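Visitor: I would like to walk through this model by asking what justifies each label. Please take me from one element to the next.

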Amino acid sequence: MHKSIKHLPLTETTFYIMMVLHSPLHGYAIMQKVESISKGKVKIAAGTMYGAIEHLLSLKWIKSVPSNDKRRKVYLITELGKEIFQLETNRMKELIALVKKIN
């Protein structure tokens, strides 16, 4: 069993942040992209966002990357983060397959 499996399932906020950080983004851009791809259903407040970023940094699931804009920190998912994201995606696919079997 993967040692990080204990962190699953991911919260909705964490899942969305990790999903959009397959490309480098700063905090406000993350909030905007999540709202956009969720068609407005998921809105991450600034406090929640930065708390989640700090947590993901401490887990080494995302990292800070160089940016041309010195005023903003830019983040990107790490290889470990991609692994965790894939584990969560697989978990969700299994749940969907089960639902399809009983419907």
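Guide: Start with a helix pair in this predicted model. G27, Y28, I30 and M31 of α2 meet A46, M49, Y50 and I53 of α3.

Visitor: How do you know which classes of residue make up the contact of α2 with α3?

Guide: The residues divide into seven nonpolar, one polar and no charged. Gly counts as polar, whereas Ala, Ile, Met and Tyr count as nonpolar.

Visitor: What makes α2 roughly perpendicular to α3?

Guide: The two helices pack at an angle of about 110°, with their axes 10 Å apart. Angles of 65 to 115 degrees count as roughly perpendicular. So α2 is roughly perpendicular to α3. The crossing of this pair is right-handed.

Visitor: Which angle describes the packing of α1 and α2?

Guide: α1 and α2 pack at about 105°, and their axes are 10 Å apart. Therefore α1 is also called roughly perpendicular to α2. In this contact, Y16, I17, M19 and V20 of α1 meet I30, K33, V34 and I37 of α2. By class there are seven nonpolar residues, no polar ones and one charged. Lys counts as charged.

Visitor: Why is α1 called oblique to α4?

Guide: Helix α1 covers residues 12-20 and helix α4 covers residues 79-102. Their axes come within 10 Å and cross at roughly 125°. Roughly perpendicular covers 65 to 115 degrees, and roughly antiparallel needs over 145. An angle of roughly 125° fits neither range, so α1 is oblique to α4. The crossing is left-handed.

Visitor: Which residues make the contact of α1 with α4?

Guide: On α1 they are F15, M18 and M19. On α4 they are G81, I84, F85, E88, T89 and M92. The classes come to six nonpolar, two polar and one charged.

Visitor: Which residues of α1 are buried, and what covers them?

Guide: T14, F15, Y16, I17, M18 and V20 are buried. Buried here means a relative accessible area under 20%. The cover includes β1, α2, α3, β3 and α4.

Visitor: And which residues of α2 are buried?

Guide: Helix α2 spans residues 27-37, and its buried residues are G27, A29, I30, M31 and V34. Their cover includes α1, β1, α3 (46-59) and β3. After α2 comes K39, with a positive phi near 55°.

Visitor: Now the strands. What makes β1 and β2 edge strands?

Guide: The open sheet has three strands in the order β1-β3-β2, with antiparallel pairing. β1 (25-26) and β2 (62-65) each pair on one side only. Those two are therefore the edges of the sheet.

Visitor: How do you know that β1 pairs with β3?

Guide: Pairing takes at least two bridges. Two bridges join β1 to β3, and the strands run antiparallel. H26 stands opposite V74 of β3.

Visitor: How many bridges does β2 form with β3?

Guide: β2 pairs with β3 (residues 74-77) over four bridges, in the antiparallel sense. That passes the cut-off of at least two. Among the partners, K63 is bridged to L76 in β3.

Visitor: Why is I62 called buried?

Guide: I62 lies in strand β2. Its relative accessible area is 2%. The cut-off is under 20%, so I62 counts as buried.

Visitor: What does I62 touch, leaving out residues up to four places away in sequence?

Guide: I62 touches L21, I53, L56, L57, Y75, L76, I77 and T78. I62 and K82 are 20 residues apart in sequence, and their C-alpha atoms are 9.0 Å apart in space.

Visitor: Step back to the whole chain. What is its pattern along the sequence?

Guide: The chain has four helices and three strands. In sequence they follow α-β-α-α-β-β-α. The C-alpha trace spans about 50 × 35 × 20 Å along its principal axes.

Visitor: What share of the chain is buried?

Guide: Buried residues make up 36% of the 103 residues. As for contacts with a separation of 6 or more, 53% join residues 24 or more positions apart.

Notes. Residues are numbered from 1 along each chain as its sequence is written. This is a predicted model: local features need pLDDT of at least 70, side-chain atom pairs count only at pLDDT 80 or more; totals for chains, interfaces and linings use all residues. Side-chain values use heavy atoms; hydrogens and water are left out. Axes are lines fitted to C-alpha atoms, for helices over the stretch in contact, and angles run from 0 to 180 degrees between N-to-C directions. Angles under 35 degrees count as roughly parallel, over 145 as roughly antiparallel, 65 to 115 as roughly perpendicular and the rest as oblique. A crossing is left-handed if the near helix is turned anticlockwise from the far one by less than a right angle, and right-handed if clockwise. Contact means heavy atoms within 4.5 Å. Buried means under 20% relative accessible area, exposed over 50%, partly exposed in between (1.4 Å probe, protein chains only).
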